[in-house]
Amino acid sequence: MLGVQNVTMRFGAKILFEDVTTSFPPGRRYGLTGPNGSGKSTFMKVLTGEIEAHTGTIQRPRKMGVLSQDQFAFDEFRVIDTVIMGNKGLWKALQERDAIYEKAEMTDEDGMRVAELEGIVADEDGYTAESDAAVLLDGLDIPEELHERRMGEMQGGQKMRVLLAQALFGHPEALLLDEPTNHLDLDSIHWLENFLNYYPGSVIVISHDRHFLNGVCTHIADIDYRTIIQYTGGYDDMVMQKTQIRSRLESENSQREKKIAQLNEFIQRFAAGTRSSQVNSRRKEVERLAPGELARSNIARPYIKFDQKRPSGRHALEFEHVCMGYEVGGQHLEVIQNFTANIARGEKVAIIGRNGAGKSTLLKALLANAPQVTEIDRGIISGEVRWGHEANVGYFAQDFRESIPNNWTLVDWLRQFDPDALVEEIRGVLGQMLFRGEEGTKKTEVLSGGEACRLMFSKLMLQKPNILVLDEPTNHLDLEAVIALNTALQNYDGTVLLVTHDEDLIDEVATRIWNFDHGKIEDFQGPYSEFLAKMA
């Protein structure tokens with residue numbers, strides 16, 4: 001059983017959660033939710049033992065699968081071995097057994113120890129370990145030809161998928177997964193959903209993907225009001241229950257306040273009269289009814305609204321015979337071949353497909369001569385790209401931190417994107433993105449990933465582009481911010497090109513799908529639901 005008793009965690013004077021007692025029984029799949037900074041990753045590290053809670057005790061099962069956040073820890077090992085390391089007991093036994101077998105001569109003691117180790121290997125399914133690990137890797141789109149490679153040779157997204165396979169390996173009794181869908185394409189996310197839905201142990205997962213949480217979770221453990229409250233169902237169920245509970249408490253307090261006002265009126269009228277016993281009775285009733293102060297929620301949703309200075313021409317973007325690729329192992333791989341399309345003003349195109357298929361490469365090719373885009377990592381091998389009349393492009397790069405230079409305050413950096421804006425207006429936009437008070441004077445180099453992401457959205461709101469090009473914009477956002485972005489894109493009157501693996505975002509925003517499939521790009525004119533029906 002996985003659980004905590006009377007656990008408290010603080011950072012300085014800030015209490016993340018206090019005196020928490022809760023359990024996570026086998027067969028249940030929990031989404032751990034709360035805004036950025038609420039303590040989700042901290043609580044996960046308390047459960048794994050990576051950090052100590054200030055007070056309280058932790059109950060852990062014998063074997064847990066934990067998604068490692070260190071992409072470089074296994075660079076010297078083969079990919080297949082990295083996965084097997086997820087079962088620490090098995091890996092240790094295999095290493096010790098192989099070391100004994102490598103001896104020139106074995107003693108009787110060595111022979112007895114090998115027999116013990118072979119028993120451990122058999123009990124832990126060690127004789128099928130490589131084939132079991134290969135099945136996990138294949139499901140996460142790591143093909144067989146990469147299984148013998150060193151981890152140091154793998155790309156960042158591939159490393160994360162190998163580390164996810166490591167966490168899932170060896171039949172752990174509990175799985176603790178912090179942002180497992182980051183760097184996964186839709187097919188891999190669907191595979192993971194299916195795996196977790198049939199997993200018999202306890203699951204605790206942190207994710208900003210609402211569709212994933214709704215599809216996987218039987219319960220939500222929400223960090224709020226300085227505690228952890230469990231709700232039955234997925235994320236949307238939790239939001240409804242939480243809203244109902246809050247509304248009920250507010251309604252009860254309102255009724256109490258009305259009753260108290262009536263009682264106080266009686267007390268004032270008759271306090272000096274002959275009805276002292278009735279006055280005292282009502283005073284006691286007022287004390288009993290006095291509503292306690294409602295605990296403050298830590299949820300804060302940013303307000304994102306994309307406006308246009310002026311609309312673009314009727315044809316926002318046209319391109320013909322576009323070709324583009326990148327270097328892999330010293331060889332040039334062409335992933336975009338003779339792609340031709342045009343996008344009308346107001347269309348919202350979602351670009352989907354497996355990792356490495358060329359989605360980001362396509363955006364960078366189309367942005368080669370885009371107006372108002374300053375990022376340098378753009379280019380095209382051949383083809384022609386024509387942006388429409390009055391086109392004003394706002395770009396959110398997947399590696400957006402490179403778009404933000406160091407040694408600027410937030411206000412000064414943003415001012416260049418709307419020189420006519422007053423400082424108060426810029427601070428207002430920052431406030432909408434949850435930068436409060438003097439945070440506008442922060443230096444850009446000290447921003448966290450989530451803060452830098454919100455700063456990029458502040459830039460886009462000041463730019464007022466009529467074409468938005470967004471490459472994986474949700475990777476560093478919490479759920480509240482993802483929902484705000486979803487709403488903003490639905491309400492935006494301009495044109496959108498969007499690369500994302502967030503299924504709700506695709507389903508609720510896109511009016512057109514570009515699907516990368518086995519080296520080809522299918523241009524589907526219609527929403528995602530119709531695309532799925534066609535594929536089915």
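**Note on a helix pair and a small sheet**

1. Helices α6 and α7 pack with their axes 13 Å apart and at an angle of about 5 degrees. Since angles under 35 degrees count as roughly parallel, the two helices, α6 and α7, are therefore roughly parallel to each other. On the α6 side the contact is made by R161, L164 and L168, while α7 contributes S188, W191, L192 and F195. Sorted by class, this contact of α6 with α7 has 5 nonpolar residues, together with 1 polar and 1 charged. The reader should keep in mind throughout that this is a predicted model.

2. One residue of that contact deserves a separate look, namely R161, which has its place in helix α6, residues 156-168. Is R161 buried or exposed? Because its relative accessibility is 4% and the limit for buried is under 20%, R161 counts as buried. Leaving aside residues up to four places away in sequence, R161 touches L140, D141 and I142, then H183, L184 and S188, and also N355.

3. D141, one of the residues that R161 touches, lies just after helix α5 and takes a positive phi of about 65 degrees. Helix α5 itself covers residues 129-139, and its buried residues are A129, A133, A134, L136, L137 and G139. Which helices do the buried residues of α5 pack against? They pack against α2 (79-84) and α3 (88-101), and also against α6 and α7 (186-197), so that the pair described in the opening point appears here again as a neighbour of α5.

4. Turning to the strands, there is an open sheet of 3 strands, arranged in the order β2-β1-β4 and with antiparallel pairing. Its edge strands, each pairing on one side only, are β2 (14-24) and β4 (55-59). On average, and with direction ignored, neighbouring strands of this sheet are turned by 20 degrees against each other.

5. Within the sheet, strand β1, residues 2-11, is joined to β4 by 4 bridges, and these two strands run antiparallel. As one detail of the sheet, V4 stands opposite I58, a residue of β4. Helix α1, which spans residues 40-48, packs on the sheet and touches β1, β2 and β4, with its direction making about 130 degrees with that of β1.

Conventions
Residues numbered from 1 in each chain as written. Predicted model: local features only at pLDDT ≥ 70, side-chain atom pairs only at ≥ 80, totals over all residues. Heavy atoms only, no water. Pairing = 2+ DSSP bridges. Axes fitted to C-alpha atoms, helices over the stretch in contact; angles between N-to-C directions. Contact = heavy atoms within 4.5 Å. Buried < 20%, exposed > 50% of the residue type's maximum accessible area, 1.4 Å probe, protein only. Parallel < 35°, antiparallel > 145°, perpendicular 65-115°, else oblique. Nonpolar A, V, L, I, M, F, W, Y, C, P; charged D, E, K, R; others polar.
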